[in-house]
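Please walk through this structure, starting with how far the model can be trusted and ending at a single side chain.

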Amino acid sequence: MDGGQPIPSPLVPLGNVSSESSMSLEQKTTFVFVILLFIFLGILIVRCFRILLDPYRSMPTSTWADGLEGLEKGQFDHALA
């Protein structure tokens, strides 16, 4: 090695970072919004895979027909009250 001069690295800035390279408020807001959309997408993907793996777990044990016993007999006056 020569006289001990450091080799400039492209990953480390040299200290003269201009204000143009920083993100504007609009870019920061857009970045946060995109991150929130990715989080929401991840939650939806996990939920869909859980439903696909066990579809009967999310279904209720009772059905809509359980409450229709009176209507099947023709007792419509109780349904209006």
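The paragraphs below take up confidence, overall fold, an annotated segment and a surface patch.

This is a predicted model. The mean pLDDT over the protein is 74, and 49% of the residues reach at least 70. Confidence is highest in helix H1, residues 25-53, with a mean of 95. It is lowest in helix H2, residues 69-72, where the mean is 54. Where pLDDT is low, the predicted coordinates should not be read in detail.

The fold is simple to list: the protein has 3 helices and 0 strands, giving the pattern α-α-α along the sequence. Of its 81 residues, 0% are buried. The accessible surface amounts to about 8,400 Å², and carbon and sulfur atoms account for 67% of that area.

An unreviewed UniProt entry annotates residues 31-53 as a "transmembrane region". In the model, this stretch is 100% helix and 0% strand. The C-alpha atoms at the two ends of residues 31-53 are 33 Å apart.

A nonpolar patch of about 820 Å² lies on the surface. Its members are Phe33, Val34, Leu37, Phe38, Leu41, Ile45, Phe49 and Leu52.

One of these patch residues, Phe49, can serve as an example. Phe49 is part of helix H1. Is Phe49 buried or exposed? Phe49 counts as exposed because its relative accessibility is 52%, and the cut-off for exposed is over 50%.

Conventions:
Residues are numbered from 1 along each chain as its sequence is written. This is a predicted model: local features need pLDDT of at least 70, side-chain atom pairs count only at pLDDT 80 or more; totals for chains, interfaces and linings use all residues. Side-chain values use heavy atoms; hydrogens and water are left out. pLDDT is the predictor's confidence in each residue, from 0 to 100. Helices (H or I, at least four residues) and strands (E, at least two) are DSSP runs, numbered from the N terminus. Buried means under 20% relative accessible area, exposed over 50%, partly exposed in between (1.4 Å probe, protein chains only). Accessible areas come from the Shrake-Rupley method with a 1.4 Å probe; for residues, only the protein chains shown count as cover. UniProt positions are given in the numbering used here, feature names are shortened, and annotations may be inferred rather than shown by experiment. Patches are made of residues with over 30% relative accessible area and no salt bridge: like charges are joined within 9 Å, nonpolar side chains (Val, Leu, Ile, Met, Phe, Trp, Tyr) within 5 Å. A salt bridge is a side-chain nitrogen of Lys or Arg within 4 Å of a carboxyl oxygen of Asp or Glu.
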